[in-house]
Amino acid sequence: MKKYKLKSNIGELIEKSGLRNDYIRKHVDVKQKQLWNWKKGVSFPTLEKAFILAKILGCQVDDLAELVEVEEEEEC
């Protein structure tokens, strides 16, 4: 059975946008640590915040992350 995980594209999109983290945090209403977690893929925004973030960044919600296949560990 294949396994998948989400890979965050938020950090790259923010960098490409040229917007400052403070501006994004203010408009999405999140703390610095939360935005950092989204950028690193530690956690992901709620659906509502994802739509707000996508609007600010000028992208679609599904651009914020992608589903990638992960290799399964073989059982001994």
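The following legends describe close-up views of a predicted model.

**View 1. The buried face of helix 1 in the predicted model.**
Helix 1 spans residues 10-17, and its buried residues are Ile-10, Gly-11 and Ile-14. Seen down the axis of helix 1, these residues fall within an arc of 100 degrees, so they line one face of the helix. They pack against strand 1 (3-8) and against three helices: helix 2 (21-28), helix 3 (32-40) and helix 4 (47-57). The face turned away from this buried side carries Glu-15 and Lys-16, which are exposed. Just after helix 1 comes Gly-18, with a positive phi of about 80 degrees.

**View 2. Asn-9 in the loop that precedes helix 1.**
Asn-9 has its place between strand 1 and helix 1, in the loop that joins them. Its relative accessible area is 10%, and because buried means under 20%, Asn-9 counts as buried. The side chain of Asn-9 reaches the backbone oxygen of Asp-63 at a distance of 3.3 Å. When neighbours within four places in sequence are left aside, Asn-9 is in contact with Asp-63, Leu-64, Ala-65 and Glu-66. Asp-63 thus appears both in this set of contacts and as the residue whose backbone oxygen the Asn-9 side chain reaches.

**View 3. The packing of helix 2 against helix 4.**
The two helices pack at an angle of about 135 degrees, and their axes are 10 Å apart. Angles over 145 degrees would count as roughly antiparallel and those from 65 to 115 as roughly perpendicular; helix 2 and helix 4 are therefore oblique to each other. Helix 2 passes helix 4 in a right-handed crossing. On the side of helix 2, the residues that take part are Tyr-23, Ile-24, His-27 and Val-28. On the side of helix 4, they meet Lys-49, Ile-52, Leu-53, Ile-56 and Leu-57.

**View 4. Lys-5 of strand 1 and its partners from later in the sequence.**
Lys-5 is found in strand 1. With a relative accessibility of 49%, Lys-5 counts as partly exposed, because the exposed class begins only over 50%. Lys-5 and Val-68 are 63 residues apart in sequence, yet their C-alpha atoms are 5.6 Å apart in space. Val-68 is also one of the residues that Lys-5 touches; the others are Glu-66, Leu-67 and Val-70, with residues up to four places away in sequence not counted.

**View 5. Asp-29, a residue with positive phi between helix 2 and helix 3.**
Most residues other than glycine have a negative phi. Asp-29 is not a glycine, but its phi is positive, near 65 degrees. Asp-29 lies in the loop between helix 2 and helix 3. Its relative accessible area of 63% makes Asp-29 an exposed residue.

**View 6. Ala-50, a buried residue of helix 4.**
Ala-50 lies in helix 4 and is buried, with a relative accessible area of 7%. Ala-50 touches Pro-45, Val-61 and Leu-64, leaving out residues up to four places away in sequence. Leu-64 is also among the contacts of Asn-9, shown in View 2. Ala-50 and Asp-29, the residue of View 5, are 21 residues apart in sequence and 12 Å apart in space, C-alpha to C-alpha.

Terms used. Residues are numbered from 1 along each chain as its sequence is written. This is a predicted model: local features need pLDDT of at least 70, side-chain atom pairs count only at pLDDT 80 or more; totals for chains, interfaces and linings use all residues. Side-chain values use heavy atoms; hydrogens and water are left out. Buried means under 20% relative accessible area, exposed over 50%, partly exposed in between (1.4 Å probe, protein chains only). Helices (H or I, at least four residues) and strands (E, at least two) are DSSP runs, numbered from the N terminus. The arc is that of the directions from the helix axis to the C-beta atoms. Contact means heavy atoms within 4.5 Å. A polar contact is a pair of N or O atoms within 3.5 Å; within protein, one must be able to donate a hydrogen and the other to accept it, and residues adjacent in sequence count only if both atoms are side-chain atoms. Axes are lines fitted to C-alpha atoms, for helices over the stretch in contact, and angles run from 0 to 180 degrees between N-to-C directions. Angles under 35 degrees count as roughly parallel, over 145 as roughly antiparallel, 65 to 115 as roughly perpendicular and the rest as oblique. A crossing is left-handed if the near helix is turned anticlockwise from the far one by less than a right angle, and right-handed if clockwise.
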